[in-house]
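Biologist: I'd like a close look at a single part of this model, please. Start with one charged pair, then walk me through what else is worth seeing around it.

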Amino acid sequence: MILSASHTKSIFKYFLLATLFVFAILNARQVSADKSFFSVISDLPVMPGLSEVTGSAVKFSTPQGRILEISASGKSGAKLRENDVRSFYLQTLPQLGWEPSNDGSWVREDERLRLAISGIRGVLIAQFSLTPK
C-alpha cells in the first residue's frame, strides 16, 4: 500500500502530537516528584527531609474561611534541626505570597498560617495550622 504525501503528513503530524503529549505527561510527573506539597494545603511545600504524617490532616470549612491542620516529621539530626525548618519556610513562604507577621505566623489575603515545631525521641515534628485571619 502506497500512501499519498498528504496522508504521510497527517500520520507524521499525529505521531508528533502523540509524542509531545507523552513527553508532557512524563515531564509533569517528574516535576511533581521533585516538589512535594501537603495534601490539604496544596500550595504549601513539604521541606526536603520531612514527610507528611499520614492521618494528621484536619479540614473544616466555616463561613469565615477554611481551617486546616497538617503535620510533617523527619529524623532530627545535623541536616534537620528546628532552625533549618524555620529558615526553609522563612525563605519559601514569601515567594508564595505569605507575609511574616509580628507574632511569628504568616498572613496571606484572609488567612493566617502558623508553624509549631517539636521534637520527640530524635524525631522532629512540624505542625502547620491555617485559619481565617
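Modeller: Let's start with Arg112 and Asp103, which form a salt bridge whose closest N and O atoms are 3.7 Å apart. Keep in mind that we are looking at a predicted model. Here's the bit I'd zoom in on: Arg112 counts as buried because its relative accessible area is 16%, and the cut-off for buried is under 20%. So this arginine makes its salt bridge from a buried position.

Now hold that against other charged pairs, since a search of the whole structure turns up five salt bridges. One of them joins Arg81 to Asp84, with 3.3 Å between the closest N and O atoms. Arg81 is partly exposed at 45% relative accessibility, and Asp84, at 22%, is partly exposed too. Another of the five brings together the side chains of Glu82 and Arg86, at 3.2 Å from N to O. Both of these residues sit in helix H2, four residues apart, and that is about one turn of the helix. Glu82 is partly exposed at 36%, and Arg86 is partly exposed at 30%.

Stay with helix H2 for a moment, but look for rings instead of charges. Tyr89 lies in this helix, which covers residues 82–92, while Phe128 lies in strand S7, so their pairing ties together parts that are 39 residues apart in sequence. The two rings meet edge-to-face, 5.0 Å centre to centre, with 70 degrees between the planes. Tyr89 is buried, with a relative accessibility of 0%, and Phe128 is buried as well, at 2%. This is one of three aromatic pairs in the structure, and ring pairs link Phe38, Phe88, Tyr89 and Phe128 into a cluster.

Next, back to the strands and the loops that join them. Glu109 lies in the loop between strand S5 (106–108) and strand S6 (111–120). Its phi is positive, about 50 degrees, although Glu109 is not a glycine. Glu109 is exposed, with a relative accessible area of 68%. After S6 you meet Arg121, in the loop between S6 and strand S7 (123–132). Arg121 also has a positive phi, near 45 degrees, without being a glycine, and at 82% relative accessibility it is exposed. That's quite a contrast with Arg112: one arginine is exposed at 82%, the other buried at 16%.

Let's step back and place these pieces. The protein has two helices and seven strands, in the order α-β-β-β-α-β-β-β-β from the N terminus. Buried residues make up 28% of the 133 residues. Of the contacts between residues at least 6 apart in sequence, 48% join residues at least 24 apart.

One last thing before you trust every atom: the average pLDDT is 83, and 74% of the residues score at least 70. Over residues 15–34, though, the pLDDT is below 50, and this stretch has zero contacts in the model beyond near neighbours in sequence. Where pLDDT is low, the predicted coordinates should not be read in detail.

Notes. Residues numbered from 1 in each chain as written. Predicted model: local features only at pLDDT ≥ 70, side-chain atom pairs only at ≥ 80, totals over all residues. Heavy atoms only, no water. Buried < 20%, exposed > 50% of the residue type's maximum accessible area, 1.4 Å probe, protein only. Contact = heavy atoms within 4.5 Å. Phe/Tyr/Trp six-rings, centres within 6.5 Å; stacked < 30°, edge-to-face > 60°. pLDDT = per-residue confidence, 0-100. Salt bridge = Lys/Arg side-chain N within 4 Å of Asp/Glu carboxyl O.
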